[in-house]
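Colleague: I'm new to this one, and I'd like to know what stands behind the words people use for it. Can you show it to me?

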Amino acid sequence: MQVSFGGIKTRPAQRAVYGQRESAFGTDKSFLDQCMAAAGGGKAISQSQSEKLKAWIEKHKDKDFGAVMGGGVSTDKPLNWDADGSSELTREQIDYLKSTYDLSDMSKQEYYNLMADLTNMNAISIEDVVSQFVKPVVPGVVMMSVSQGDTERGMGDFNKYGNLYENLLQYMKDLNYMSERLAYSHSSMDSAAFFAFKDYLSDEKAMAGRFKSIFDLLA
């Protein structure tokens with residue numbers, strides 16, 4: 001379950017028919033920067049979304065986060081709500097995580113436990129965890145056509161069960177695809193929608209990159 005907060009009204013994404021071990025986010029940056037310059041502004045939108053996420057965390061940090069994940073998840077192992085992700089994993093912590101979690105076969109409960117462990121080790125921030133489930137209302141600002149298979153698997157979603165490493169790589173590819181579509185759709189979008197979606201993709205790419213660097217240590 002994804003919980004959306006406030007923000008910009010957008011068109012729903014159209015998911016019709018069209019038709020890893022690599023990480024490549026860099027190719028769209030230059031063109032997107034040109035689009036940003038043409039649109040102008042945008043900083044206030046990014047700050048607003050960040051502030052809304054922080055406000056949500058402050059309001060809900062004492063509540064059951066398992067319900068946000070869709071229910072059926074025990075939160076006996078607590079998240080560290082003060083985690084800022086500023087620590088590097090030690091060899092001992094890496095060995096513990098490798099012996100505890102199988103990234104190729106992850107259940108929803110195991111995924112929550114992994115997030116709890118990583119926040120308590122301060123290897124990721126609490127925003128990295130919460131932002132996976134609490135989203136600004138922006139992912140549908142670009143009309144997209146995707147294949148029936150992509151619709152079924154949830155194009156643009158990071159699946160948090162099964163083969164976690166492969167799911168993350170697929171999500172990174174989806175983010176690249178959405179960035180390309182955003183770059184070539186900027187002329188038909190108002191600047192508020194453009195910057196909202198651009199900031200959303202930028203934040204998601206940064207988060208995915210942080211997770212991949214950790215998953216590489218545990219694979």
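Modeller: Sure, let's begin with two helices: α8 (residues 164-183) and α9 (residues 191-218) pack at an angle of about 155 degrees, and their axes are 10 Å apart. Keep in mind that this is a predicted model, where local features need pLDDT of at least 70, side-chain atom pairs count only at pLDDT 80 or more, and totals for chains, interfaces and linings use all residues. Residues are numbered from 1 along each chain as its sequence is written, and side-chain values use heavy atoms, with hydrogens and water left out.

Colleague: Why are α8 and α9 called roughly antiparallel?

Modeller: Their angle is about 155 degrees. Angles under 35 degrees count as roughly parallel, over 145 as roughly antiparallel, 65 to 115 as roughly perpendicular and the rest as oblique, so α8 and α9 are roughly antiparallel to each other. The axes are lines fitted to C-alpha atoms, for helices over the stretch in contact, and angles run from 0 to 180 degrees between N-to-C directions.

Colleague: Which residues of α8 and α9 meet?

Modeller: From α8 they include Leu 164, Leu 168, Met 172 and Leu 175, and from α9 they include Phe 194, Phe 197, Lys 198 and Leu 201. Contact here means heavy atoms within 4.5 Å. The residues of this contact divide into 16 nonpolar, 2 polar and 5 charged. For those labels, Ala, Val, Leu, Ile, Met, Phe, Trp, Tyr, Cys and Pro count as nonpolar, Asp, Glu, Lys and Arg as charged, and the others, Gly among them, as polar.

Colleague: What makes Lys 198 count as buried?

Modeller: Lys 198 is found in helix α9. Buried means under 20% relative accessible area, exposed over 50%, and partly exposed in between (1.4 Å probe, protein chains only). Lys 198 has 17% relative accessibility, so it counts as buried. Its C-alpha is 9.0 Å from that of Ala 183, and the two are 15 residues apart in sequence.

Colleague: And Asn 167, buried or exposed?

Modeller: Asn 167, found in helix α8, has a relative accessible area of 18% and is therefore buried. Leaving aside neighbours within four places in sequence, Asn 167 is in contact with Phe 158, Asn 159, Tyr 161 and Gly 162.

Colleague: How do you know that Lys 77 is partly exposed?

Modeller: Its relative accessible area is 27%, so Lys 77 goes down as partly exposed. Lys 77 is in the loop between α3 (65-68) and α4 (91-100). Not counting residues up to four places away in sequence, Lys 77 touches Tyr 96, Tyr 101, Tyr 112, Asn 113, Ala 116 and Asp 117.

Colleague: What about Asn 80?

Modeller: Asn 80 has its place in the loop between α3 and α4, and with a relative accessible area of 22% it is partly exposed. Among its contacts, leaving aside neighbours within four places in sequence, are Thr 119 and Ile 126.

Colleague: What is there to say about the phi of Asn 122?

Modeller: Asn 122 has a positive phi of about 60 degrees although it is not a glycine. It lies in the loop between α5 (108-120) and α6 (126-130), and at 15% relative accessibility Asn 122 counts as buried.

Colleague: How many helices and strands does the protein have?

Modeller: It has 9 helices and 2 strands. Helices (H or I, at least four residues) and strands (E, at least two) are DSSP runs, numbered from the N terminus. Buried residues make up 45% of the 219 residues in the protein.
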